[in-house]
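Please look through the structure shown here, and follow the paragraphs below as they move from individual backbone features to the overall fold.

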Amino acid sequence: MNEQIAGVAIFDDDEDILSICKYVLQDHGWRVNTFTNCNDVIAKVKECAPDVIFMDNWIPPKGGIVATQELKNDEALRNIPVIYFSANSEISKLANNAGAEYFLAKPFDLDDLVATIQTALKKREQKDHSQLLNDAKSQ
C-alpha cells in the first residue's frame, strides 16, 4: 500500500449500518464501497480493490462465512484483511471458521470500528513491507 487513500469494502444487508459506517469512514479519509449482498463477491472486491473488507455474518444470499472463504481462496484477494462482524455470541468462532483476521461484535462502537480498520491497515502495510524486503533479498 502506498500513499494512496486506503479503501474499505463493506458487505451488510442493513442499509442503516452501511450508511453510518460509510459516513464515519469517509470522514476519516477512506474510500468506501458498500454492498447489500455477496453475489459475485470476488468480482465486487476486484472491482473496488479495497485494502480492508468488512463482512457481515448474515449477508445474503450465502452468508459471510462462505463469502469470506471464497475471498481467502482467491490468489489475488487472500491477503486483504477481513473484519468479520455479527451479533452472534460466537463471533470469534465464526470469524475463525470464515478465515477472517479480525472480528467485531454487533452492536459495535464506531471508534472500535475505526481502530480495528487502522490496525488491519497497519499490519497489512507491515506485511507488504516485509514481503518487499524478502523479495529484494532473494534477488
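Pro61 sits in the loop that runs between strand S3 (52-56) and helix H3 (64-72), in a model that is predicted. The peptide bond that joins Pro60 to Pro61 is cis, with omega at about 0°. A second cis peptide bond links Lys106 and Pro107, here with omega of about -10°, and Pro107 likewise belongs to a loop, the one between strand S5 (102-105) and helix H5 (110-137). Most peptide bonds are trans, and most residues other than glycine have a negative phi.

The second part of that generalisation leads to Asp40, which is not a glycine and yet has a positive phi of about 50°. Asp40 is placed in the loop between S2 and helix H2 (41-48), and because its relative accessibility is 59%, it counts as exposed. Ala49 also has a positive phi, near 45°, and it too is a residue other than glycine. This alanine is found in the loop between H2 and S3, where, with a relative accessibility of 45%, it counts as partly exposed.

Strand S2 (residues 31-35) contains Asn33, whose surroundings can be described in some detail. Is Asn33 buried, partly exposed or exposed? Its relative accessible area is 26%, so it is partly exposed, given that the partly exposed class lies between the limits of 20% and 50%. When residues up to four places away in sequence are not counted, Asn33 touches Val8, Ala9, Ile10 and Cys48. Gly7 is 26 residues away from Asn33 in sequence, while the C-alpha atoms of the two are 7.8 Å apart in space.

Helix H3 holds Thr68, a residue with a relative accessibility of 0%, which therefore counts as buried. Which residues is Thr68 in contact with, leaving aside its neighbours within four places in sequence? They are Met55, Val82, Tyr84, Ala98, Gly99 and Ala100. Of these partners, Met55 falls within the residue range of strand S3 (52-56).

On the surface, attention turns to a group of acidic side chains, in which Asp13, Asp14, Glu15 and Asp16 form a negative patch. One member of this group, Glu15, is found in helix H1 (residues 15-27). The relative accessible area of Glu15 is 55%, which means that this residue is exposed, since the exposed class begins over 50%.

These local views can now be set within the whole chain. The secondary structure of the protein comes to five helices and five strands, and, when read along the sequence, these elements follow the pattern β-α-β-α-β-α-β-α-β-α. Of the 139 residues in the protein, 42% are buried, and Thr68 has already been described as one that counts as buried. Among the contacts in the protein with a separation of 6 or more, 58% are accounted for by residues that lie 24 or more positions apart. The protein exposes about 7800 Å², and carbon and sulfur atoms supply 47% of that area.

Note on methods. Residues numbered from 1 in each chain as written. Predicted model: local features only at pLDDT ≥ 70, side-chain atom pairs only at ≥ 80, totals over all residues. Heavy atoms only, no water. Patch = residues over 30% accessible without salt bridge, like charges linked within 9 Å, V, L, I, M, F, W, Y side chains within 5 Å. Areas by Shrake-Rupley, 256 points an atom, 1.4 Å probe, with all protein chains shown as cover. Salt bridge = Lys/Arg side-chain N within 4 Å of Asp/Glu carboxyl O. Lys, Arg positive; Asp, Glu negative; His and termini not counted. Charge placed at Lys NZ, Arg CZ, Asp CG, Glu CD. Helix = DSSP H or I, 4+ residues; strand = E, 2+ residues; numbered from the N terminus. Buried < 20%, exposed > 50% of the residue type's maximum accessible area, 1.4 Å probe, protein only. Contact = heavy atoms within 4.5 Å.
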